[in-house]
Amino acid sequence: MAGREKRGRVNPKAAELRDIECFVLDMDGTINLGENLIPGAKEYIEYMQKNGVPFYFFTNNSSKAPEDYVKKLERLGFTGMTRENIMTSGDVMIHYLKTHGGQRIYLAGTPELETQFRQAGFTLLPSDTETADFAVLGFDKTFNFEKADAISRLVTAGVPFLATNIDRVCPLEDGKFCPDCGSMACMITHATGIEPKFVGKPFKETVDYILAKTGSPREKTAMVGDRLYTDVKTAVNGGIVGVAVLSGEITYQDIEDGDVAPDYILDSVYDIYMAIK
């Protein structure tokens, strides 16, 4: 997708989006706003279910179990959702480790992320370990001094430092937020002088995981989201189709003023539904 230009087509031709074989969707701002569905989202998802079009929801939040997102989707009114519909930055990290030969891991993560890693066959090492194949930091709501000390020691000793996602904060209700993985990583970097390799959105490793999981051709796989520098930039960095929706964070003017160009600019996912049905 190198050399793409801003197209600004709010209503692309139906034939173009009908060529997409796999949709990867952001959630908040794209499918829902808090506990409320964005108009047309339910019709869009139900159409894809009925017609067998593969779709997945991707979140950079590695602190929760994928099953928690299944429950959230059910709470929002969707039916037939399973673990297979969910992708997280934790999944991307697991794929990265498996393709890079890591087995013995020191993980600073929530119990939910630890469960994901163990189910994937990794050996998780205790905080007093002296070596590991990789030192991995997730969005860890159970992060403490013991974990910070352990990961700093390992990284200083030369163990490769990885982190699930670059987000500085995780938004909460009423405009509040809490520190996310990116901010926690800054603490380790400040202590050690070593920066981690991030693998979630907007990095290429996310697309590597998506394509490996789905088997979909790169040019027929779309990332749909309301954030220019995460969702759309993921598509640009990974060479898949980028679809920006104006139902959440970004505005059309943000896209015009920015340097990240989506392939399509839509008001919401309802426009995808109207184009492909």
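This is a short group-meeting talk about the pockets, helices and strands of one predicted model.

Okay, hi everyone. Some ground rules. The model is predicted, so local features need pLDDT of at least 70 and side-chain atom pairs count only at pLDDT 80 or more, while totals for chains, interfaces and linings use all residues. Residues are numbered from 1 along each chain as its sequence is written, and side-chain values use heavy atoms, with hydrogens and water left out.

Let's start with the pockets. By pocket I mean an open set of points on a 1 Å grid over the protein atoms alone, where a 1.4 Å probe fits, with protein on both sides within 12 Å along at least five of seven lines; lining residues have an atom within 4 Å of a point. Volume is the space filled by probe spheres set on the points, which are joined across faces, edges and corners.

The largest pocket comes out at about 890 Å³. Its lining has 30 residues, and D28, N61, K72, C170 and P171 are the ones nearest the centre. What classes do the residues of this lining divide into? There are 16 charged, seven polar and seven nonpolar. Here nonpolar is Ala, Val, Leu, Ile, Met, Phe, Trp, Tyr, Cys and Pro, charged is Asp, Glu, Lys and Arg, and polar is the others, Gly among them.

Which helix gives the most to that lining? Helix 3 does, with four residues. When I say helix or strand, I mean a DSSP run, numbered from the N terminus: H or I with at least four residues for a helix, E with at least two for a strand. Helix 3 covers 66-75, and strand 4 (55-59), strand 10 (169-171) and helix 9 (228-238) also supply at least two residues each.

The second largest pocket holds about 320 Å³. Strand 10 and helix 9 each give two or more residues to this lining, and helix 9 gives the most, with three. P171 is one of the lining residues, and so are Y229 and D254. By class, there are six nonpolar, five charged and one polar.

Now look at helix 4, residues 89-99. Eight of its 11 residues are buried, so helix 4 is largely enclosed by the rest of the structure. Buried means under 20% relative accessible area with a 1.4 Å probe and protein chains only; exposed is over 50%, and partly exposed is in between. M93, I94 and L97 are among the buried ones. At the N-terminal end, T88 acts as a cap, with a side-chain oxygen 3.1 Å from the backbone nitrogen of G90. After the helix comes G101, with a positive phi near 80°. For context, most residues other than glycine have a negative phi.

On to the strands. Two strands pair if DSSP finds at least two bridges between them. One open sheet has five strands in the order 7-6-8-9-12, with parallel pairing. Which strands are at the edges? They are strand 7 (123-124) and strand 12 (197-198), each pairing on one side only. Strand 7 runs parallel to strand 6 (residues 104-108), joined by two bridges, and I105 has L124 as its bridge partner.

Strand 14, residues 241-245, is my favourite. Why is it called largely enclosed? Because five of its five residues are buried. V241, V243 and V245 are on one side, with G242 and A244 on the other. Strand 14 pairs in the parallel sense with strand 13 (residues 221-225) over four bridges, and V224 stands opposite V243. Between those strands the chain goes through helix 9, in a right-handed β-α-β crossover. Right-handed means that, with the strands pointing away from you, the path from the first strand over the helix to the second runs clockwise.

Strand 14 also pairs with strand 15 (residues 264-266), again in the parallel sense, over three bridges. V243 turns up here too, with Y264 as its bridge partner. Helix 10 (residues 252-257) sits in the middle of that right-handed β-α-β unit.

In the loop between strand 14 and helix 10 you'll find S247. Buried or exposed? S247 counts as buried, at 16% relative accessibility. A polar atom of the S247 side chain lies 2.8 Å from the backbone oxygen of G29.

One last stop: P202, in the loop between strand 12 and helix 8 (204-214). The peptide bond joining K201 and P202 is cis, with omega about 10°. Most peptide bonds are trans. That's my tour, thanks!

Methods:
A polar contact is a pair of N or O atoms within 3.5 Å; within protein, one must be able to donate a hydrogen and the other to accept it, and residues adjacent in sequence count only if both atoms are side-chain atoms.
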